[in-house]
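Here is a short, informal tour of one protein model. Have a look at the fold before reading on.

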Amino acid sequence: MIVTVCIGSSCHLKGSREIIEKLQYLLQEKGLDKEVELKGSFCMGECVNGVCVKVNDTLFSLCPEKVEQFFEEEILNRLT
Ligand code: FES
């Protein structure tokens, strides 16, 4: 699974760095850092919906407060 977080300037301002750090932490904590590849990307052209995060090719709109919920629903659920 590939999870791509937009690090374009608009998404950066909305907290993409914090999102990446939280995801990294959660992946390590669950021992999934080999199964899930975390990547950064330039602007995905959806700035109004940022922070933009893709799980494989599916686009999500995320804010730092929702990372835990997103991780469980969209990452853990897809792996099991
Ligand atoms: S900066 Fe993230 S979609 Fe444009």
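What follows covers the sheet, a hairpin, the salt bridges and a cis peptide bond.

This is a predicted model, where local features need pLDDT of at least 70, side-chain atom pairs count only at pLDDT 80 or more, and totals for chains, interfaces and linings use all residues. Residues are numbered from 1 along each chain as its sequence is written, and side-chain values use heavy atoms, with hydrogens and water left out.

**The sheet**

Let's start with the strands. Helices (H or I, at least four residues) and strands (E, at least two) are DSSP runs, numbered from the N terminus. Four strands make up an open sheet in the order β2-β1-β3-β4, and the pairing is mixed. At the edges sit β2 and β4, each of which pairs on one side only. From one strand to the next, the twist averages 25°. For pairing, the criterion is that DSSP finds at least two bridges between the two strands.

Take β1 (residues 2-6) and β3: they run antiparallel and are joined by three bridges. Thr-4 has Lys-54 as its bridge partner in β3, while Val-3 has Val-55. Helix α2 packs on this sheet, where it touches β1, β2 and β3, and its direction makes about 155° with that of β1. A contact here is heavy atoms within 4.5 Å. As for the angles, axes are lines fitted to C-alpha atoms (for helices, over the stretch in contact), and angles run from 0 to 180 degrees between N-to-C directions.

**The hairpin**

On to β3 and β4, which pair in the antiparallel sense over four bridges. Val-55, already met as the partner of Val-3, stands opposite Thr-58 in β4. Which residue takes a positive phi in the hairpin of β3 and β4? That would be Asn-56, with a phi near 50°, in a hairpin that has two residues between the strands. Asn-56 is not a glycine, yet its phi is positive. This residue is found in the loop between β3 and β4 (58-61). Asn-56 counts as partly exposed, at 41% relative accessibility. The cut-offs are simple: buried means under 20% relative accessible area, exposed over 50%, and partly exposed in between (1.4 Å probe, protein chains only).

**Salt bridges**

Side chains of opposite charge can pair when their charged atoms come close. How many salt bridges does the structure hold? There are three, counting a side-chain nitrogen of Lys or Arg within 4 Å of a carboxyl oxygen of Asp or Glu. Here they are, with their N to O distances.

| Pair | N to O distance | Helix |
|---|---|---|
| Glu-21 and Arg-17 | 3.4 Å | α2 (residues 16-29) |
| Glu-18 and Lys-22 | 4.0 Å | α2 |
| Glu-74 and Arg-78 | 2.9 Å | α3 |

In α2, Glu-21 and Arg-17 are four residues apart, about one turn of the helix. Glu-18 and Lys-22 have that spacing too, four residues apart in α2. How open are these side chains to the outside? Arg-17 is exposed, with a relative accessible area of 55%, whereas Glu-21 is partly exposed at 43%. In the other α2 pair, Glu-18 is partly exposed at 39% relative accessibility, and Lys-22 is partly exposed at 24%.

Now for α3 (residues 67-79), where Glu-74 is found. Is Glu-74 buried or exposed? Glu-74 is buried, with a relative accessible area of 19%. Its salt-bridge partner Arg-78 is partly exposed at 39% relative accessibility, and the two are four residues apart in α3, about one turn of the helix. Leaving aside neighbours within four places in sequence, Glu-74 is in contact with Met-1, Val-55 and Phe-60. So the chain of links comes back to Val-55, because Glu-74 touches this residue, which is also the β3 residue opposite Thr-58.**A cis peptide bond**

One last backbone feature: the peptide bond from Gly-50 to Val-51 is cis, with omega near 5°. Val-51 lies in the loop between β2 (37-41) and β3 (52-55).
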